[in-house]
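Colleague: Could you take me through one part of this model in close-up? I'd like to start with a helix pair and then see what lies around it.

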Amino acid sequence: MLELRNVTYEADDASKEILRGVSLCIDDRLVAITGPNGSGKSTLAKIIAGILTPSGGQILLDGEDITSLSVTERAKRGVSFAFQQPVRFKGITVKDLISLATGKTATVSEACNYLAEVGLCARDYIDREVDASLSGGELKRIEIATVLARGTKLSVFDEPEAGIDLWSFQSLIGVFEKLRERTKGSIVVISHQERILNIASKIVLIKDGKVEKQGTRDEILPTLLGTKACRALAGE
Amino acid sequence: MDELEKMLLLQIADLHKVPDGAYNIRKNGEGDGRRCTEHIQIETKTDGKQGIDVKIAPNTVNESVHIPVVITKSDYKELVYNDFYVGENADVLIIAGCGIHNCGTETAEHSGVHTFHLGKGAKVRYVEKHYGSGDGNGANVMNPQTVIFLGEDARLEMETTQIKGIDSTVRTTEATLEKGASLVIREKLYTHGNQLAKTDFTVHLNGENSGADVVSRSVAAGESRQEFVSRINGNAPCHGHTECDAIIMENAKVTAVPELTAGCVDAELIHEAAIGKIAGEQLTKLMTLGLTEQEAEEQIIKGFLS
């Protein structure tokens with residue numbers, strides 16, 4: 001279980017408070033964090049992974065205070081993070097990256113399984129470099145595959161749907177369902193997409209750096225649909 | 001051959017045993033084995049210079065030549081000339097390399113001048129590795145010089161790698177291309193400590209539709225210094241591309257100097273150069289997979305130079 005207690009975050013020059021006291025419990029299987037652009041969702045995801053250090057508050061993983069732990073230490077304790085904009089590497093192949101994610105040299109068939117789950121024909125990708133030769137959509141799916149390969153108790157996906165237009169939404173949802181089945185852990189998805197919110201067990205709405213509301217899908221989703229907040233979500 | 005010499009051979013030529021095909025092994029300035037084949041002749045120079053002439057008959061295909069050099073002495077210097085004459089339409093692999101293990105306190109230095117003459121339509125893949133080791137304070141110095149003449153429609157692919165242990169190196173390559181000829185160069189370089197590496201490529205694209213692609217990837221760590229100069233002279237309708245991509249760490253210094261000269265309106269020449277530290281987001285991504293910052297750095301460098 002992940003718990004955030006009154007987490008705050010200010011921009012480097014302290015000019016703007018991006019998170020203004022977020023308290024959350026993530027113990028459900030699939031939690032969707034949603035909200036308008038600039039509301040602080042991605043910042044919150046990065047704080048969970050340890051990429052950003054909060055200005056105040058506490059983060060607890062299964063009761064342990066991990067607020068001061070590094071990215072590496074959190075990863076070792078079972079936190080995975082899929083970047084909104086995946087990173088490119090010259091010379092590192094898809095197979096290398098999946099091997100690093102699994103923590104051992106992945107066999108070709110293991111690596112292929114993860115790639116197949118994200119809808120990539122493994123044979124075509126396994127030896128490709130994770131560099132500028134891959135399209136944004138391909139890169140995004142490989143990013144998701146690295147998180148699947150880790151299979152940790154907490155997986156955080158920062159806007160996984162962005163840039164995967166050639167791949168069906170249904171498949172992405174299938175990926176989350178399989179991962180949830182396999183890890184028995186929690187998945188946090190930062191998303192604007194109604195179809196993703198629709199499979200969440202819990203929805204958290206962040207607005208202006210605060211939790212505006214949270215609850216089960218059935219409680220929250222109807223309040224978002226057709227409202228101004230929802231149109232903001234849809235980018236209208 | 002003792003264990004040390006075997007280790008050096010493994011590093012520079014991936015050789016576990018005597019290679020297949022033609023070979024000439026040079027150890028501390030002496031011949032240590034040679035094999036010629038029906039199509040590949042290796043002859044000791046008779047003009048007073050140290051070195052060999054390698055003559056590859058026209059139409060020789062799927063054959064290889066290994067010419068490793070191993071030095072295990074301190075206070076030793078040599079200058080060796082190796083000339084390759086590759087007949088028309090031959091298609092061969094040439095593997096050269098020099099390994100120095102210097103336990104002493106004096107300098108061990110190998111300077112090799114390799115000259116390639118490729119006949120019409122000949123193809124060569126040339127792989128060259130340099131490696132140094134030793135626990136003494138003596139410097140390992142290598143100054144490889146490569147001279148390339150590519151006849152009509154000939155093609156040479158050169159892979160040159162220097163990963164470890166060479167304290168000082170000046171690597172000079174000069175190529176002249178005739179009509180339809182092509183040259184591909186891939187350089188990989190890693191320097192650390194107080195090492196110095198200078199690379200100097202010059203390519204003359206003299207023939208119509210000739211082309212060159214010269215790419216260097218390097219990592220400079222510690223207090224090391226690298227200088228990369230790449231000159232392409234387009235004297236005919238041709239294509240030339242040169243790229244230097246360097247990662248800089250700690251207090252290292254890298255200079256990249258691309259120099260393009262077009263002497264023909266249909267010469268298309270491009271240069272790219274990028275020098276920078278490892279991107280922070282690359283480190284972060286690998287750390288989210290559970291690697292420490294140092295492990296992440298090692299993986300990034302390993303991939304970059306692979």
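At what angle do helix α4 (residues 108-117) of chain A and α6(A) pack, and how far apart are their axes?

Modeller: Keep in mind that this is a predicted model. In it, α4(A) and α6(A) pack at an angle of about 125°, and their axes are 9 Å apart. An angle over 115 degrees but not over 145 is neither roughly perpendicular nor roughly antiparallel, so α4(A) counts as oblique to α6(A). As for handedness, the crossing of α4(A) past α6(A) is right-handed.

If you want to click on the residues involved, α4(A) brings Tyr114(A), Leu115(A) and Glu117(A), while α6(A) answers with Ala145(A), Leu148(A) and Ala149(A). Sorted by class, this contact has 5 nonpolar residues, no polar ones and 1 charged.

Now follow α6(A) outwards, to the contact between the chains. That contact takes 20 residues from chain A and 17 residues from chain B. On the chain A side, α6 (136-150) is one of the elements that each supply at least two residues, along with α2 (71-76), β6 (79-82) and α3 (94-102). The most comes from α2(A), with 4 residues. By class, the side of chain A that touches chain B has 11 nonpolar, 5 polar and 4 charged residues.

Strand β6 leads us on to the sheet of chain A. This is an open sheet of 6 strands in the order β6-β7-β8-β3-β9-β10 (chain A), and the pairing is mixed. β6 and β10 (210-216) of chain A are the edge strands, each pairing on one side only. Ignoring direction, neighbouring strands here are turned by 15° against each other on average. Helix α7 (residues 169-183) of chain A packs on this sheet, where it touches β3 (30-34), β7 (154-158) and β8 (186-190) of chain A. The direction of α7(A) makes about 155° with that of β8(A).

At the β10 edge, strand β9 (residues 202-207) of chain A pairs with β10(A) in the antiparallel sense, over 6 bridges. To find your place in that pairing, look for Leu205(A), which stands opposite Lys213(A) in β10(A).

Over in chain B there is another strand called β9, so watch the chain letter. Strand β9 (residues 123-133) of chain B has 8 of its 11 residues buried, so the rest of the structure largely encloses it. β9(B) runs parallel to strand β7 (residues 91-101) of chain B, joined by 11 bridges, and also parallel to strand β12 (residues 155-164) of chain B, joined by 9 bridges. Val124(B) is a handy marker for both pairings: it is the bridge partner of Val92(B), and it stands opposite Leu156(B) in β12(B).

One last stop in chain B is Val61(B), which is found in strand β5 (residues 61-71) of chain B. It has 10 C-beta neighbours inside 10 Å, so it counts as exposed. Leaving out residues up to four places away in sequence, Val61(B) touches Ala90(B) and Asp91(B). The C-alpha atoms of Val61(B) and Lys123(B) are separated by 9.2 Å, with the two residues 62 apart along the chain.

Methods: Residues are numbered from 1 along each chain as its sequence is written. Chains are lettered from A and ligands numbered from 1 in the order in which they are written. This is a predicted model: local features need pLDDT of at least 70, side-chain atom pairs count only at pLDDT 80 or more; totals for chains, interfaces and linings use all residues. Two residues are in contact if their C-beta atoms, placed from the backbone, lie within 7 Å. Ala, Val, Leu, Ile, Met, Phe, Trp, Tyr, Cys and Pro count as nonpolar, Asp, Glu, Lys and Arg as charged, and the others, Gly among them, as polar. Two strands pair if DSSP finds at least two bridges between them. Axes are lines fitted to C-alpha atoms, for helices over the stretch in contact, and angles run from 0 to 180 degrees between N-to-C directions. A residue is buried if 20 or more other C-beta atoms lie within 10 Å of its own, exposed if 12 or fewer, and partly exposed in between; C-beta atoms are placed from the backbone. Angles under 35 degrees count as roughly parallel, over 145 as roughly antiparallel, 65 to 115 as roughly perpendicular and the rest as oblique. A crossing is left-handed if the near helix is turned anticlockwise from the far one by less than a right angle, and right-handed if clockwise.
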